[in-house]
Amino acid sequence: MPSSVLLTELDRPELEAALAERGYERFRARQVFHWLYRRGVVDAEAMTDLPRQLRATLAADFTLLTPGIAGRERSADGTEKFLLRLADGRHIESVFIPDTPAQTFCVSTQVGCAMACAFCLTGKMGLVRHLSAGEIVAQVRVLAGILDLRDKAFNVVLMGMGEPLHNYDETMKALRIMADEHGFALPMRRVTLSTVGLLPALERLAQEPLMPNLAISLHAPTDAQRGGLVPINAKYGVADVIEACKRFPVRKRSRITFEYVLLAGVNDSSEDARRLAALLEGVKSKVNLIPLNAAAGIPFERPTDAAVNRFAKTLADRGVTVSVRKSRGRDIRAACGQLIVEGRRTSPGQQLAEALPG
Ligand code: SAH
């Protein structure tokens, strides 16, 4: 028997098995989940409805990692950015976005990111490492604890640092843990997974019993344009991504969100909007326009509000459901594409090469 099991890396069936191995009834796992996620209690001794013997076993055989808070910044609009320190000293950022009208946690799935999108600061870091399922869940555990939202309804968007489908197994396990009825009991309609469109992983996702809402980072209607913004487009091009979306099992009355970062003079013309509308014909879709959050080192500009509105109107006139993302937390660099915490270790090119399967 391993000397120490990482409790927060276990989904409930795994915890049941670990407890059964030690002679405890399986239902004890439900109680432990309730303490950990609903009550925020991490000290076995304080789990007062467990038999004394089980508390001792938990303390002796299991350990638990909770990231520390290394920084916290509050934006004028109420958005809060948390810098979390992981057990190995690496840092990630997680963002709380209040009252949209929902309460939303934007969580990271990797330290850095291998995708190297041309307009994204996290992409400049390269991939440092994947997060474990426990580290993904811990962001919600810590933020919901501090903000006293553990027992309230909240949304989770996998739109922080990293590409969730590049860290597939840990991301899906994190969703299973968060969905567990004895833990956060987070309904999947309250979760959105945003991806650049790694097709083999997207096909896998289509088969999952647990199905979050899907957002696709499209950003341009043609391969020529998207290739210059999203390097992985060389492997998974626009037409293939759209085909995969058409096959994707979207829930009744639900749609796939297409995220589209608007870059002045690059992808914001009326022609681009018309092409985008045509591309999305026959896809259960809505478009979320994200005017660029500019930053030093990002070689693009944010279009004017008038240009954004014109683009949105061209789409709407063609029957496309469109919204413009209000970028919250820009004053504390907590908005889309502004999360960055460490220097990169290898070049984006190397990182991408590692990211590509085969
Ligand atoms: N890797 C995933 C998750 C990132 S989600 C994905 O690509 O979908 C963050 C969203 O913000 C993505 O749509 C991303 O393209 C967008 N984004 C990145 N940098 C941005 C910036 N500087 N301004 C606005 N949006 C940005």
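1. Helices and strands in this note are DSSP runs numbered from the N terminus, a helix having at least four residues and a strand at least two. On that footing, Arg253 is placed in the loop between helix H9 (238-247) and S12, and the structure discussed throughout is a predicted model. The phi angle of Arg253 is near 60°, a positive value in a residue other than glycine. Arg253 counts as exposed because its relative accessibility, 82%, lies over the 50% cut-off.

2. A positive phi is also found at Ala116, where the value is near 55° and the residue is again other than glycine. Ala116 belongs to the loop between strand S7 (110-112) and helix H4 (121-125). Is this residue buried or exposed? With a relative accessibility of 19%, Ala116 counts as buried, since the limit for that class is under 20%.

3. The backbone has a further feature for a reader to inspect at Pro101, which sits in the loop between strand S5 (91-97) and strand S6 (104-106). The peptide bond leading from Thr100 to Pro101 is cis, and its omega is near 10°.

4. Helix H10, which spans residues 270-279, has Asp272, Ala273, Leu276 and Ala277 as buried residues. When the helix is viewed down its axis, these buried residues fall within an arc of 135°, and therefore they line one face of H10. The cover over them includes helix H8 (223-229), strand S12 (256-262), strand S13 (285-291) and helix H11 (305-317).

5. Two packed helices are described by the angle between their axes and the distance between the axes. For H10 and H11, the packing angle is about 35° and the axes are 9 Å apart, while the crossing of the two helices is right-handed. On the H10 side the contact is made by Ser270, Asp272, Ala273, Arg274, Leu276 and Ala277, and on the H11 side by Phe311, Thr314 and Leu315. Sorted by character, the residues of this contact comprise five nonpolar, two polar and two charged.

6. Which residues touch the most other members of the largest nonpolar core? In that core of 114 residues, they are Phe105, Phe119 and Phe258, and the largest share, seven residues, is contributed by helix H5 (residues 133-146). Once neighbours within four places in sequence are left aside, Phe119 is in contact with His219, Leu229, Val261, Leu263, Leu292, Ile298 and Phe300. As general background, nonpolar side chains in soluble globular proteins tend to be buried together.

7. Leu147 lies in the loop between H5 and strand S9 (155-158), and it is buried, with a relative accessible area of 18%. Not counting residues up to four places away in sequence, Leu147 touches Arg72, Glu80, Phe82, Phe96 and Phe105, and Phe105 is also one of the residues named above for touching the most other members of the core. Leu147 and Phe96 are 51 residues apart along the chain, yet their C-alpha atoms are separated by 9.0 Å.

8. Finally, Gln31, a residue of helix H2 (residues 28-39), counts as buried at 16% relative accessibility. Leaving aside neighbours within four places in sequence, Gln31 is in contact with Asp49 and Leu50.

How values were computed
Residues numbered from 1 in each chain as written. Predicted model: local features only at pLDDT ≥ 70, side-chain atom pairs only at ≥ 80, totals over all residues. Heavy atoms only, no water. Buried < 20%, exposed > 50% of the residue type's maximum accessible area, 1.4 Å probe, protein only. Arc of directions from axis to C-beta. Contact = heavy atoms within 4.5 Å. Axes fitted to C-alpha atoms, helices over the stretch in contact; angles between N-to-C directions. Left-handed = near helix turned anticlockwise from the far one by under 90°. Nonpolar A, V, L, I, M, F, W, Y, C, P; charged D, E, K, R; others polar. Core = buried A, V, L, I, M, F, W, Y, C linked by side-chain atoms within 4.5 Å.
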